[in-house]
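Colleague: Could you take a close look at one helix for me, and put it in the setting of the whole chain?

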Amino acid sequence: MTAKFLLMLLLMSLHLPAVSWVGKYEEGYTAFHRGDYATALQKWKPLAEEGDAQAQLSLGAMYDKAQGVPQDYAEAVKWYRKAADQGEALAQHNLGKMYQAGRGVTQDYTEAAKWYLKAADQGIFEAQQNLAVMYENGQGVPQDPGEAVKLYRRAAEHGNATAQYNLGVSYENGQGVPQDSAEAAKWYLLAAGQGHSKAQYSLGVSYDLGKGVPQDYAEAFKWYRESLRQGYAPAQYKFGALYANGKGVPQSHPQALKWYLRSAKQGYALAQHDVAMMYGSGQGVPQDFVEAGKWYRRAALQGHGPAQYTLGLMYYNGQGVRQDNVQAHLWFSLKADGGDAEAIRYRDIVAKLMTPEQLAKAEQLAAKWRAANPAP
């Protein structure tokens with residue numbers, strides 16, 4: 001007997017219609033992938049309501065991603081849960097993501113970890129990676145860097161680029177494993193080869209500093225460039241630094257400024273500080289203290305200590321900004337929080353020039369900044 005005939009007998013014995021669930025699901029799948037969401041919904045919804053786990057998963061994804069239906073996270077969770085309860089691994093993973101993000105349900109890391117674990121045990125590599133992050137951070141599970149590394153490794157060995165990158169970070173920092181820069185570089189390379197921008201950047205840093213690999217500025221340049229092509233701000237900054245210092249490329253302050261600016265405009269504090277320095281010194285650009293003050297302020301607001309100190313000096317001296325002892329005291333005070341002797345000295349000098357009201361205002365501003373930016 002043919003396989004098709006045997007299938008027909010099985011369907012008849014189960015009192016199911018001759019047109020199988022599989023056939024209807026595949027029709028919906030074909031429609032979905034040609035962009036015909038209405039037909040996909042028409043095929044999948046009855047199957048989902050009759051208990052087909054694949055259809056339930058697919059219907060949940062449509063509501064999750066607003067594909068052919070209005071986005072409705074609660075409805076997505078409903079269908080993911082129905083499929084997950086039947087053991088559908090991808091639905092378990094997706095339900096974990098919803099609990100982790102608090103989409104369609106109250107955020108609950110314990111529930112997220114529970115569903116990630118179920119999916120991870122079925123070999124869903126992204127679930128292994130996500131559960132590893134939760135063990136690393138102690139979210140929904142006891143913090144356990146060793147367990148995080150085990151999960152990263154499971155996913156990394158099957159080619160998951162994010163897990164490869166995170167395993168590299170674990171080796172670089174000695175979290176859950178002995179510190180090993182060479183092993184870190186190995187995993188960065190595997191992830192970087194798959195286009196992972198952070199891994200490309202980290203591999204660039206390894207070559208730049210000679211950590212785990214021979215120092216090679218040309219290789220650093222190559223990997224920074226791959227990462228910055230994806231718009232990764234730290235790579236743009238490091239690329240600029242190579243030009244600023246003439247490492248692996250001819251020294252060029254205009255090129256350095258170009259890449260520092262691209263990074264700075266994305267909010268990267270190190271780049272904002274170096275852009276300010278270049279405007280202040282006139283390297284690669286006409287000297288402009290007003291522009292320098294603007295960029296120092298942006299970096300200072302993010303807690304960049306050297307920028308806070310320099311901005312304090314600018315307010316103290318009225319260079320590029322209006323002279324203002326309140327602002328000078330504020331920025332010196334914030335830098336002084338880290339015990340910087342020069343910042344403490346200048347804070348105290350400025351304090352002697354201030355009225356009690358000005359001093360109170362500066363201290364109030366500093367307290368407000370600290371409350372909004374708690375120390376790690």
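Modeller: Sure, area first: accessible areas come from the Shrake-Rupley method with a 1.4 Å probe, and for residues only the protein chains shown count as cover. On that basis the protein exposes about 18600 Å², with carbon and sulfur atoms supplying 52% of it. Mind that this is a predicted model, where local features need pLDDT of at least 70, side-chain atom pairs count only at pLDDT 80 or more, and totals for chains, interfaces and linings use all residues. Residues are numbered from 1 along each chain as its sequence is written, and side-chain values use heavy atoms, leaving out hydrogens and water.

The protein has 21 helices and zero strands, taken as DSSP runs numbered from the N terminus (helices H or I, at least four residues; strands E, at least two). Of its 376 residues, 45% count as buried, meaning under 20% relative accessible area with a 1.4 Å probe, protein chains only (exposed is over 50%, partly exposed in between).

Now zoom in on helix H17, residues 289–301. Its 13 residues should span 18 Å at 1.5 Å a residue, and the end C-alpha atoms are 18 Å apart, so the two agree; the expected span is 1.5 Å times one less than the number of residues. Buried in H17 are Glu291, Ala292, Gly293, Trp295, Tyr296, Ala299 and Ala300. An α-helix has 3.6 residues a turn, so residues three or four places apart point the same way. The cover over the buried residues of H17 includes H15 (253–264), H16 (269–281), H18 (305–317), H19 (325–336) and H21 (356–372), with contact meaning heavy atoms within 4.5 Å.
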